[in-house]
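Let's take a walk through a protein model together, one piece at a time. Keep the picture open while you read.

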Amino acid sequence: MKLRILIGCLLLVLFSNAQSTAGKKKTSGSSKTIPILNFNSLEPLLHTKSDKIYIVNFWAMWCAPCIKELPVFQEYEKNNPNVEVVLVSLDFPEDIDTKLKPFLEKKGITSKVVLLDDPDANSWIDKIYPNWSGAIPFTIIFNAKNRSYHERAFQDIQDLNNEVNNILKNKEHEKK
């Protein structure tokens, strides 16, 4: 009798694990974790002590110019593995699973995405860059020594490449 109970429990555990694993496989396409950050949590991503180039882009799914330039960042990151791209979504947190993840999957966006959920935009916009009007898309390109701000959409890879090269040239100029 004890053996039957033990076998029954074992089968129940195995069956439960199989169902749980099967469920995870079904959702693996949109299982990318998108952290929800307030500005204090986001702020460290806007600074570095490294010579590595970082590109941080503020965008939203409802912003047509933002959507148009996302493939530019995606392709740039793919062609420049030494550059880190962070896409800061300003969409609603409740839309992550139902809208944002499916959108990113459909568009083939694999760059790091975080969602900024901080209602005090007037405060954090000025902390990022006092001359930023708050309009998106807005991009910061930086390393430890140089930083540039862009309140516009990048038209193509060459446009983005030119701005990254300006950061690198400034760095080289400082070294001389």
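## A sheet and its neighbours

Strand β2 (residues 54-59) and β5 pair in the antiparallel sense, with 5 bridges between them. If you want to find that pairing on screen, look for F58, which sits opposite F138 of β5. Keep in mind that this is a predicted model, so treat what follows as a description of a prediction.

How does the sheet go on from there? On its other side β5 meets β6, and these two also run antiparallel, joined by 4 bridges. In that pairing, I141 has S148 of β6 as its bridge partner. The link from β5 to β6 is a hairpin of 4 residues.

β2 has another pairing too: 6 bridges join it to β3, and here the strands run parallel. Y54 stands opposite E84 of β3 in this pair. Moving on, β3 (residues 84-89) pairs with β4 (residues 112-116), again in the parallel sense, over 4 bridges. There you can spot V86 opposite K112 of β4.

Here are those four pairings side by side:

| Strands | Sense | Bridges |
|---|---|---|
| β2 and β5 | antiparallel | 5 bridges |
| β5 and β6 | antiparallel | 4 bridges |
| β2 and β3 | parallel | 6 bridges |
| β3 and β4 | parallel | 4 bridges |

Put together, 6 strands make an open sheet with mixed pairing, in the order β1-β4-β3-β2-β5-β6. Why is one side of β1 and of β6 left without a neighbour in the sheet? Both β1 (36-37) and β6 (147-150) stand at the edges and have a single partner strand each, so each has one side with no neighbour in the sheet.

## What is tucked away

What about β5 itself, buried or exposed? Strand β5 (residues 138-142) is mostly covered, with 5 of its 5 residues buried. F138, I140 and F142 point one way from the strand, while T139 and I141 point the other way, and all of them are buried. Strand β3 has a similar story to tell: 5 of its 6 residues are buried, so the rest of the structure largely encloses it.

Over the whole chain of 176 residues, buried ones make up 38%.

Just before β5 there's a detail worth zooming in on. P137 belongs to the loop between α5 and β5, and the peptide bond joining I136 to P137 is cis, with an omega of about 5°.

## Two residues to click on

R147 is part of strand β6. Its relative accessible area is 29%, so it counts as partly exposed. Beyond its neighbours within four places in sequence, R147 touches L46, H47, I140, I141, F142 and I167. R147 and N170 are 23 residues apart in sequence, and their C-alpha atoms are 9.6 Å apart in space.

G108 sits in the loop between α4 (96-107) and β4. This glycine is partly exposed as well, with a relative accessible area of 39%. Along the chain, G108 and Q74 are 34 residues apart, and 8.5 Å separates their C-alpha atoms.

## The largest pocket

Now for some empty space. The largest pocket has a volume of about 170 Å³. Which residues line the largest pocket? They are L90, D91, F92, L116, D117, D118, P119, A121, W124, I125 and G134. By type, this lining divides into 7 nonpolar, 1 polar and 3 charged residues. Helix α5 (residues 121-128) gives the most to the lining, with 3 residues.

## Zooming out

The chain has 6 helices and 6 strands. Following the sequence, you'd read the pattern α-β-α-β-α-β-α-β-α-β-β-α. Among contacts between residues at least 6 apart in sequence, 71% join residues at least 24 apart.

How confident is the predictor about all this? The average pLDDT for the chain is 83, and 79% of the residues score at least 70. Over residues 1-30, though, pLDDT is below 50, and this stretch has 3 contacts in the model beyond near neighbours in sequence. Residues 172-176 also stay under 50, with 3 contacts beyond four places in sequence.

Methods
Residues are numbered from 1 along each chain as its sequence is written. This is a predicted model: local features need pLDDT of at least 70, side-chain atom pairs count only at pLDDT 80 or more; totals for chains, interfaces and linings use all residues. Side-chain values use heavy atoms; hydrogens and water are left out. pLDDT is the predictor's confidence in each residue, from 0 to 100. Contact means heavy atoms within 4.5 Å. Two strands pair if DSSP finds at least two bridges between them. Buried means under 20% relative accessible area, exposed over 50%, partly exposed in between (1.4 Å probe, protein chains only). On a 1 Å grid over the protein atoms alone, a cavity is a set of points where a 1.4 Å probe fits but cannot get out, and a pocket is an open set with protein on both sides within 12 Å along at least five of seven lines; lining residues have an atom within 4 Å of a point. Grid points are joined across faces, edges and corners, and a volume is the space filled by probe spheres set on the points. Ala, Val, Leu, Ile, Met, Phe, Trp, Tyr, Cys and Pro count as nonpolar, Asp, Glu, Lys and Arg as charged, and the others, Gly among them, as polar.
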